[in-house]
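The following note sets out several points for a colleague who is examining this model. Please read the points alongside the coordinates.

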Amino acid sequence: MVTVHAAWTVTNHEKRYEEKEEELSMSRVYNFSAGPAVLPEEVLKEAAEEMLDYKGCGMSVMEMSHRSKDFQDIIDEAEKDLRELMNIPDNYKVLFVQGGGHVQFAMVPMNLMKNKVGDYIITGQWAKKAYTEAKLFGTANAVASSADRTFSYIPDCSDLPIDENADYVYICLNNTIYGTVYHELPNTKGKTLVADISSCFLSEPIDVSKFGILWGGVQKNVGPAGVAIVIIREDLITEDVLPGTPTMLRYKTYADNDSLFNTPPTYTIYMCGKVFKWLKKMGGLEVMKERNEKKAKILYDFLDESRLFRGTVEKKDRSLMNVPFVTGDEELDALFVKEAKAAGFVNLKGHRTVGGMRASIYNAMPIEGVEALVEFMREFEKKHAK
């Protein structure tokens, strides 16, 4: 009787899902959130179909043991696909780490500060937070900053005052809040380069070999919140960490146990794996770069010609992923955000530290979403431009 009841329940759930599928699809908004952010609709539908029964195992991935063969296959395939997408060299480990960016702010110095010195380039809120955290563990030097103009540009990094004892140079490659990106990497004068790539993760090809560590919180452009993916050169994974570093804050713990020392965020890793498959199906990172450039151009071209809206970033340093803009009038900004939400364009309000608006146009944002936003902005401009 239990088996019959279970089958009946699943069948009726699937029937209800099918009945609601068209309605749910029609009610989806254009989500411009900086994170947690939009995911590919195709991936969400696949996950929904597998919610109650993953590939005939009779349970959801949410219920699955991280020690099971089914989950081992999931995490192994996710890593394999990520390595292929990013062309990750064999001498780099891929780690799935809990805690997000704020944990990485601490893990980097705890694991790399052999001389207890780290050099930081401050281009926004997240680089600043990482810099502040590093001060808890040693000497953190701010070797360059764009704070003088509200982080609206990337400073010249061709000849930095790198400390000869620095264990690494740290950057945030793409600034989510302020909408800047490094188009050229800093001259680190031979020091290990560490980069937070959270908001540009998998948006375009990147030469992994130029970095000692690349890490990214997946909730911006890769998957649901709950995981940071760390891509780390093997020589940086050692027992030689700062005294008192907890077991779970050592990169070696994750590397030695294939990210399965403890119970990882299994469902988030599963969803990331789905996104990796989607990216491969779409044609890989070269294709994503082309798509992202087209989307960004549509929005930036409008901002450059607008009589009401203006972008806040120097053109040479503009991000493909995060586009901040303002009208110059706080009340008008608030009205725009309100009317945009009513029209189905959500999460356009700028970060609380800067105000204004921000459109995060990650991989999963379709070009139609950007086109529709620009059309809405044109109509708003007609009504409010002086």
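How far apart do the end C-alpha atoms of residues 29-373 lie, and what share of the span is helix and what share is strand?

1. The model under review is predicted. In it, the end C-alpha atoms of residues 29-373 are 11 Å apart. Helix accounts for 33% of this span and strand for 17%. The UniProt record, an unreviewed entry, lists residues 29-373 as "domain: Aminotransferase class V".

2. Within the model there is an open sheet of three strands, ordered β11-β12-β14, and its pairing is antiparallel. Strands β11 (310-311) and β14 form the edges, since each of them pairs on one side only.

3. The pairing of β12 (residues 322-326) with β14 deserves inspection. These two strands run antiparallel and are joined by four bridges. V323 has A359 in β14 as its bridge partner, while P324 stands opposite R358 of the β14 strand.

4. Strand β14 (residues 357-360) is covered on both faces. On one side M357 and A359 are buried, and on the other side R358 and S360 are buried as well. Two of these residues recur in the pairing described above: A359 is the partner of V323, and R358 is opposite P324.

5. Helix α8 (residues 285-305) lies across β11, β12 and β14. The helix runs at about 20° to β12.

Definitions and conventions. Residues numbered from 1 in each chain as written. Predicted model: local features only at pLDDT ≥ 70, side-chain atom pairs only at ≥ 80, totals over all residues. Heavy atoms only, no water. UniProt positions renumbered as here; feature names shortened; annotations may be inferred. Buried < 20%, exposed > 50% of the residue type's maximum accessible area, 1.4 Å probe, protein only. Pairing = 2+ DSSP bridges. Contact = heavy atoms within 4.5 Å. Axes fitted to C-alpha atoms, helices over the stretch in contact; angles between N-to-C directions.
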